[in-house]
Amino acid sequence: MNFDDKVIEIPKHLPMLPVRDIVVFPYMILPLYVGRESSIRAVEEALAKNRLIFLASQKEITEENPAENTIFRTGTIAMIMRMRKLSDGRVKILIQGISKGRITQYVKSKPSFEVEVEKIDDPATTGPNIEFEAMIRNAKEQLEKIIALGRMLSPDILLVLDDVTDPGRLADLIASNLGLKVADAQRVLETQVPKDRLKLVNEILANELEVLQMQARIRNTAKDEMSKSQREYFLREQMRAIKNELGDSDSKTEEIDELRERIMNCGMTQEVQTEALKQLNRLERMHPDASEASMVRTYLDWMVEMPWARSTEDNLDITRAQKILDEDHYDLHKVKDRILEFLAVRKLKNKDLKGPILCFAGPPGVGKTSLGKSIARSMGREYFRLSLGGVKDEAEIRGHRRTYVGAMPGKIVHALKHVKTNNPVIVLDEVDKLGSDFRGDPSAAMLEVLDPEQNSTFRDNYLNVDFDLSNVLFIATANVLENIPPALRDRMEIINISGYTENDKVLIARKHLIERQIEQNGINKDSIEFLDEGIKFLISHYTREAGLRNLEREIGSVCRKIAKQVVLGSNQKVVIDAERVSDLLGPPRFLRDEKLKENQVGICTGLAWTQAGGEILYVEALKFKGKGSMMLTGQLGDVMKESAAAAMSYAKSHYAELGIDETWFENNEVHVHLPAGAIPKDGPSAGVTIATCLTSLMTDTPIRKDIAMTGEITLSGRVLPVGGIREKALAALSHGITKIIMPLANKKDVSDIPSEFKEKMNFIFVENLDEVFALAFDKKARKKTKDVVKPNKKGKMDSNPSAA
């Protein structure tokens, strides 16, 4: 069959077949599998007419139903030579490209594509051209090199190319056989000028040749390295055999012998020693360059460096330990007593005494972490701190299994290797901030570490042998105990460390902080003097914390400003009083609430506990015309809202005894507000204060300004105990309030208040709200109120007309 353009007449409209992942060139013969229904219709239309069809490539091969804008405009006019239907419904056709063409218009797109095609002819080349000849030869040579480097092409391609002299046809023939990407092949197809098309093909061939040469170099390099490794192995074996014949030992034998000696002398238990020797025998049989040999060697290094039998001797001098603890930390008597008790028991019973597992709980900056270091110094033990904040991977506690690349032991084993003793003081810092994710729960791994009954056989995943942790003194620190899982909290002896009072902070600043900051900032004691007045002003107006961190920062800021003055030539000694603090640090950052100046209706002084210590809390109530509802503001939590609801219910149910007009609730609405609205507030301890405030408002009775109160209430009027008594009492005293109403059940907590403050205060213990009202209300005003509102015979309240 002759496919010459002069013989075959190409009509103006042709069915169009979109093809995927291939670009068809003129004179190219290839089979196509047609599966789409629209494409099969196009093939059938072509066969029904003149067997001619237009082939255009899709821009996206994944698109199942291409649109007009996702098909390249330039394609190839082809003839269907054969067609065969397959059993799966597809059609197999054999086509041959005839000529290039361009879509000028889509005649239809459903049920199959039909397009108007413009035939594209290559521009004619005139006579022999040296440049064309050079480009043709270059293309053939590059193609030969590509085939020589192993690229799989048709074996007859070089023979066919020898007979082709037309540059455009040569370019198409090469491009159709290279298996190019659709975008690159389409660029070649769309290039009309033969010279430009052949130049583009030469560039593609050059790039392909460079890639194949690089692959060949990579293969040769890998082969050379493999041969070199084998050669070195045989040489080493020969050297080893020669040394053995001469009686000289090699380095590997020396290393094995050294490891064996260390295993025998490091105090391992029999079970651990058996495992270590087993791994050593494995190492001895391995080639030194094997990847597993380095893993086994690292494992044995960890095993022999662990303190299996090494321990420090405790200094059991209780007087010396007491002195060191007092030097490093002020107050904290509960913690110090617990450590001294441990030393005393250790002195009486030297054997089989397990180390205590303590948890210091308290606000930030009160010295929990540094206390661990002081305890280690007082006992003569090594100290190590593990920071657990943000740890989410269980393997950081237990270690990784040795099957993983880069496996390492956990933090506990790391700590023991570092201190080189098996009885150190290990501080588990921020144990309440342990996290958990898909890698496991570290707090669950800590259960074994912190259980005295289990930690004598602690097994790290990396070492995979038992290690005795019962001699270690574990000290955990936490800010919020509620964040610690109950099972872990149950394993620790909790010691609460409350915040420091203002007086405590003054003493600590004098004893520790000021000296440290003077030294750190390069000034001497002759240049600066802190007065108690200045320190107290600094504490109350520039810091708001239970601990000491911000106080030390502010003292450091004062010292830096004095250091600057010294450098500028000032030799005058600076006395730091309240006025001087304001000059150096600017206006105060915190202002304390003023004490109430007079007895008022609907305003009551309560007490609150915060992370920064105690605070006074004013509760205000206001009435206005309405229908008995109550509004609560001041960012109150659910528990505090429930306390307010309980107070209101109590007032409604006891209106007669309290002297409240029964119509009061029908004609008035109440607004209860707790100032400092930007600060969230919650807890039951404001129940007494809210109840007193509401009753004062409803009976129009002033509340005494010199009394503060705290306590939870029930619907029956009972007053229940609350927490934070020490901090609340000291907060009241700092505002000049010496009379405090508190639950009778909290009488035991008063013992925690330092005696020098307790002597200045009057604690009034109550069991029910009647006692609270009797103490808190102004009695004269209360008497006046009772004269105004009296119960009638039926138990209802009658308004006295003369009260106006």
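This is a short chat about one strand and one pair of helices in a predicted model.

Me: Let's start with strand β1. Is it buried or exposed, mostly?
Reply: Strand β1 covers residues 13-19, and 6 of those 7 residues are buried, so the strand is largely enclosed by the rest of the structure.

Me: Which way do β1 and β6 run, parallel or antiparallel?
Reply: They run antiparallel, with 4 bridges joining β1 to β6, which is residues 113-120.

Me: What does H13 pair with over there in β6?
Reply: The bridge partner of H13 in β6 is E116.

Me: And how many bridges join β1 to β3?
Reply: There are 4 bridges to β3 (residues 52-57), and here the strands run parallel. In β3, F54 stands opposite M16.

Me: New topic, helices. How do α24 and α27 cross?
Reply: Helix α24 is residues 687-699 and helix α27 is residues 769-776; their axes come within 11 Å and cross at roughly 60°. The two are therefore oblique to each other.

Me: Why give both an angle and a distance?
Reply: Because two packed helices are described by the angle between their axes and the distance between the axes.

Me: Is that crossing of α24 and α27 left-handed or right-handed?
Reply: Right-handed.

Me: Which residues make the contact?
Reply: From α24 you have V688, A691, T692 and T695, and α27 brings L769, V772, F773 and A776.

Me: What's the mix by class in that contact?
Reply: Between α24 and α27 there are 6 nonpolar residues and 2 polar ones, with no charged residues.

Technical notes. Residues numbered from 1 in each chain as written. Predicted model: local features only at pLDDT ≥ 70, side-chain atom pairs only at ≥ 80, totals over all residues. Heavy atoms only, no water. Axes fitted to C-alpha atoms, helices over the stretch in contact; angles between N-to-C directions. Parallel < 35°, antiparallel > 145°, perpendicular 65-115°, else oblique. Left-handed = near helix turned anticlockwise from the far one by under 90°. Contact = heavy atoms within 4.5 Å. Nonpolar A, V, L, I, M, F, W, Y, C, P; charged D, E, K, R; others polar. Buried < 20%, exposed > 50% of the residue type's maximum accessible area, 1.4 Å probe, protein only. Pairing = 2+ DSSP bridges.
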